[in-house]
Amino acid sequence: MLLLNRSVKLRLAVSLGACILMLIVVGIIGLSSLSKTNDALNRTYEGNVLTLGSLIKVNQALLGNRVKVTAEQRDRNPASAITTQQEVAENDAIIDAAWSDYFPERVSDDQERAIAEEFIVSLASLRAGIDEINAAMIGNDYDAAREIATTTLRAEYPKVLTAIQGLIDRNSTQAAANNQQSASDYVCLLYTSDAADDMQCVD
């Protein structure tokens, strides 16, 4: 009878120990999945959401300048051209602030850096052309303004807008990938009771 009691106690102790060990393993796996989910969310926010906000500001200000200069060419009013020049300067300040928030700290890889550097070079040429066309319009030389618009601006605007859109697209793609990873990690976290599945969720 004593041996039987000892045998039962031993089996209960072993079973309890196995349950405790399984709970520890499940807890470790759950914490690992939770950490991965949190890391993915942080990467998405810091690396992509904030970046997209800055790049969209740059894009909107660029398009705003294009509209203002085009409208001023149509109106052919030297007095209002001074106002346009000031509004362009305000948009340039927005572009510079947003770009500084993005570049170079939030650049994710060499390919993105190359696109960003192309943007910087093209933006400098575009701004020089805008300065020239504004000066021509303020001086009531709309023939010269038209020449600048159909040469310098027509050549540089596509380069600038293509580069900024390329950066926006890359960060949108990265955000989607990080979001998918977060969803996958969250699913793993929900199913930590299934040890076999859990092991597949841990890198």
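The following exchange goes through the labels given to residues and contacts in this predicted model.

User: Why is Leu 16 called exposed?

Analyst: The relative accessible area of Leu 16 is 53%. The label exposed requires over 50%, so Leu 16 qualifies. Leu 16 belongs to helix H1, which covers residues 2-75.

User: Which residues make the nonpolar surface patch, and what makes Leu 16 eligible for a patch?

Analyst: Leu 16, Ile 20, Ile 24 and Ile 28 make the patch, with an area of about 380 Å². A patch residue needs over 30% relative accessible area, and Leu 16 has 53%, so Leu 16 passes that cut-off.

User: Why is Arg 76 called partly exposed?

Analyst: Arg 76 has a relative accessible area of 48%. Buried means under 20% and exposed means over 50%; 48% falls in between, so Arg 76 is partly exposed. Arg 76 sits in the loop between H1 and H2. Its phi is positive, about 55°, although Arg 76 is not a glycine.

User: Which other residue has a positive phi without being a glycine, and where is it?

Analyst: Asn 140, with phi near 65°. Asn 140 is placed in the loop between H3 and helix H4 (142-190).

User: What joins Phe 103 and Pro 104, and what is omega there?

Analyst: A cis peptide bond joins them, with omega about 5°. Pro 104 is in the loop between helix H2 (78-102) and helix H3 (110-138).

User: How many aromatic pairs are counted, and why is the pair of Trp 99 and Tyr 102 called edge-to-face?

Analyst: The count is four aromatic pairs. For Trp 99 and Tyr 102, the ring centres are 5.1 Å apart and the planes make an angle of 65°. Pairing needs centres within 6.5 Å, and edge-to-face needs planes over 60 degrees apart, so both conditions are met and the label follows. Trp 99 and Tyr 102 both belong to helix H2, three residues apart, about one turn of the helix.

User: How do you know that Trp 99 and Tyr 102 are buried?

Analyst: Trp 99 has a relative accessible area of 11%, and Tyr 102 has 0%. Buried means under 20%, so both are buried.

User: Why is the pair of Tyr 102 and Phe 103 called tilted?

Analyst: Tyr 102 and Phe 103 lie 6.4 Å apart, centre to centre, with 45° between the planes. The distance is within the 6.5 Å limit, and the angle is neither under 30 nor over 60 degrees, so the pair counts and is tilted. Tyr 102 and Phe 103 are both buried. Ring pairs link Trp 99, Tyr 102, Phe 103 and Phe 119 into a cluster.

User: Which residues touch the most other members of the largest nonpolar core, and which element gives the most to it?

Analyst: Leu 62, Trp 99 and Phe 119 touch the most other members, out of 35 residues in that core. H1, H2, H3 and H4 are the elements that give two or more residues to this core. H4 gives the most, with twelve residues.

User: What makes Arg 66 count as lying over the face of Tyr 157?

Analyst: Arg 66 is 4.7 Å from the ring centre of Tyr 157. The distance limit is 6 Å, so that part of the rule is met. The rule also asks for a position within 35 degrees of the ring normal.

User: Why is the contact of Arg 170 and Asp 109 called a salt bridge?

Analyst: The N to O distance between the side chains of Arg 170 and Asp 109 is 2.6 Å. The cut-off is 4 Å, so the contact is a salt bridge. The pair links distant parts of the chain, with Arg 170 in helix H4 and Asp 109 in the loop between H2 and H3, 61 residues apart. Asp 109 is partly exposed at 30%. The count of salt bridges is seven.

User: How do you know that Lys 159 and Glu 156 form a salt bridge, and is each residue buried or partly exposed?

Analyst: Their closest N and O atoms are 3.6 Å apart, within the 4 Å cut-off, so the pair counts. Lys 159, at 46% relative accessibility, is partly exposed, whereas Glu 156, at 12%, is buried. Both residues lie in helix H4.

Conventions. Residues numbered from 1 in each chain as written. Predicted model: local features only at pLDDT ≥ 70, side-chain atom pairs only at ≥ 80, totals over all residues. Heavy atoms only, no water. Patch = residues over 30% accessible without salt bridge, like charges linked within 9 Å, V, L, I, M, F, W, Y side chains within 5 Å. Areas by Shrake-Rupley, 256 points an atom, 1.4 Å probe, with all protein chains shown as cover. Helix = DSSP H or I, 4+ residues; strand = E, 2+ residues; numbered from the N terminus. Buried < 20%, exposed > 50% of the residue type's maximum accessible area, 1.4 Å probe, protein only. Phe/Tyr/Trp six-rings, centres within 6.5 Å; stacked < 30°, edge-to-face > 60°. Core = buried A, V, L, I, M, F, W, Y, C linked by side-chain atoms within 4.5 Å.
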